[in-house]
Amino acid sequence: MIYGVISDVHSNHEALSAVLGCLEDIGVEGWICCGDLVGYGPDPDACLDRIRALENLSIICGNHDLAVLERMDLEWFNPSARAAVVWTRSNISGVNRAYLEGLTARLETAKFTLAHGTPRNPPEEYLLSPSQFRDNVPLVKTWPLFVGHSHMPLLFCYAPGDEEKIESRFLDDQEETLPRVESGAMAPVALNPGSVGQPRDQDSRASCGLYDSDKGTFRVLRVPYDIGAVQAKIRAAGLPEYLALRLAYGQ
Ligand code: ZN
């Protein structure tokens, strides 16, 4: 089965539309979403309406979603992120708020595991180092593990035949063949598709992933979208200027 993998949409409807269009054209049969649907951007309802309509969707929430629901302390957020959380609280419909309330920050299915940041601390910890990957491996039963939160397209796995060594790398648009154990099941591997709505790897194009569970492959896709249109909406909404500027730099 082929899955479209998205994360950190952050109320950026132009980026989400471009990504969904690209993945639908490829013919994905299911969807994986690693949280942070809202926050930062100007279109929480338009994004949530699109995401709620996806068929065969496995989805979790992220720290920004929890903050909008007042389930996470705003002290955790920098000033522009905090301003966007407060703005989102009064610019989201009751239906979409209720949808967010039904999501958890970690989800284990029969085929894969989702955690916004890490399985050990889903809403807060950024999975960025080999030692963090090693610490989180015992907490996962079903691989691959899909994460978001850092807004970086990344892969972590053990080096082939050597569990003392961990490989980690940034993902470009090359297809990755994922490691398997002898039984044919997936070996420990963590995959971050990067951010749809606010990439932070100096590439301003929206980022998403394509997971083929039969072939055992994962590929990151980068999709251009109308950044100027989103910047105009951010300014019109009175959200912090920095949130508009950073989209152009992929930061
Ligand atoms: Zn995020």
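User: What makes the site of the zinc ion irregular?

Analyst: In this predicted model, the angles among the 4 donor atoms run from 85 to 176°. Tetrahedral would need all angles between 85 and 135 degrees. The upper value of 176° breaks that limit, and the site of the zinc ion is irregular.

User: Which residues coordinate the zinc ion, and how do you know that they are donors?

Analyst: Asp8 (OD), His10 (NE2), Asp36 (OD) and His151 (NE2) coordinate the zinc ion, at 2.1 to 2.3 Å. The cut-off for a donor to this metal is 2.8 Å. The distances of 2.1 to 2.3 Å meet it. Water is not among the atoms, so the site may look incomplete. Along the sequence, the donor residues follow the spacing D-x1-H-x25-D-x114-H.

User: Are the donors Asp8 and His10 buried or exposed, and how do you know?

Analyst: Buried means under 20% relative accessible area. Asp8 has 0%, so Asp8 is buried. His10 has 1%, so His10 is buried too.

User: How many disulfides are there, and how do you know?

Analyst: There are 0 disulfides. Two cysteine sulfur atoms must lie within 2.5 Å to count. Take Cys22: the closest cysteine sulfur, in Cys208, is 5.5 Å away, so the pair is too far for a bond. For Cys61, the closest cysteine sulfur is in Cys33, at 10 Å, again too far for a bond.

User: Why is Cys22 called partly exposed, and what is Cys61 called?

Analyst: Partly exposed lies between the 20% and 50% limits. Cys22 has 24% relative accessibility, so Cys22 is partly exposed. Cys61 has a relative accessible area of 2%, so Cys61 is buried.

User: How do you know that the span of helix 1 is close to the expected value?

Analyst: Helix 1 covers residues 13-26, 14 residues in total. From first C-alpha to last, helix 1 reaches 20 Å. At 1.5 Å a residue, 20 Å is expected. The two values agree.

User: Which residues of helix 1 are buried, and what do they pack against?

Analyst: His13, Glu14, Ala15, Leu16, Val19, Leu20 and Leu23 are buried. Their partners include strand 1 (2-6), strand 2 (30-33), helix 2 (44-52) and helix 7 (227-236). An α-helix has 3.6 residues a turn, so residues three or four places apart point the same way.

User: What is found at the start of helix 1, and what just after helix 1?

Analyst: At the start, a side-chain oxygen of Asn12 comes to within 3.4 Å of the backbone nitrogen of Glu14. Just after helix 1, Gly27 has a positive phi of about 95°.

User: What makes Tyr40 and Glu70 stand out in phi?

Analyst: Most residues other than glycine have a negative phi. Tyr40 has a positive phi near 75°. Glu70 has a positive phi near 60°. Tyr40 lies in the loop between strand 2 and helix 2. Glu70 sits in the loop between helix 3 (63-68) and helix 4 (79-89).

User: Why is Tyr40 called buried and Glu70 exposed?

Analyst: The limits are under 20% for buried and over 50% for exposed. Tyr40 has 7%, so Tyr40 is buried. Glu70 has 57%, so Glu70 is exposed.

User: Which peptide bond is cis, and what is its omega?

Analyst: The bond from Trp143 to Pro144 is cis, with omega near 5°. Pro144 is in the loop between helix 6 (130-136) and strand 6 (145-147).

Key
Residues numbered from 1 in each chain as written. Predicted model: local features only at pLDDT ≥ 70, side-chain atom pairs only at ≥ 80, totals over all residues. Heavy atoms only, no water. Helix = DSSP H or I, 4+ residues; strand = E, 2+ residues; numbered from the N terminus. Expected span 1.5 Å × (residues − 1). Buried < 20%, exposed > 50% of the residue type's maximum accessible area, 1.4 Å probe, protein only. Contact = heavy atoms within 4.5 Å. Polar contact = N/O pair within 3.5 Å; in protein donor to acceptor, adjacent residues only side chain to side chain. Donors = N, O, S within 2.8 Å, 3.2 Å for Na, K, Ca; no water. Tetrahedral: all angles 85-135°; square planar, octahedral: opposite > 155°, others 65-115°.
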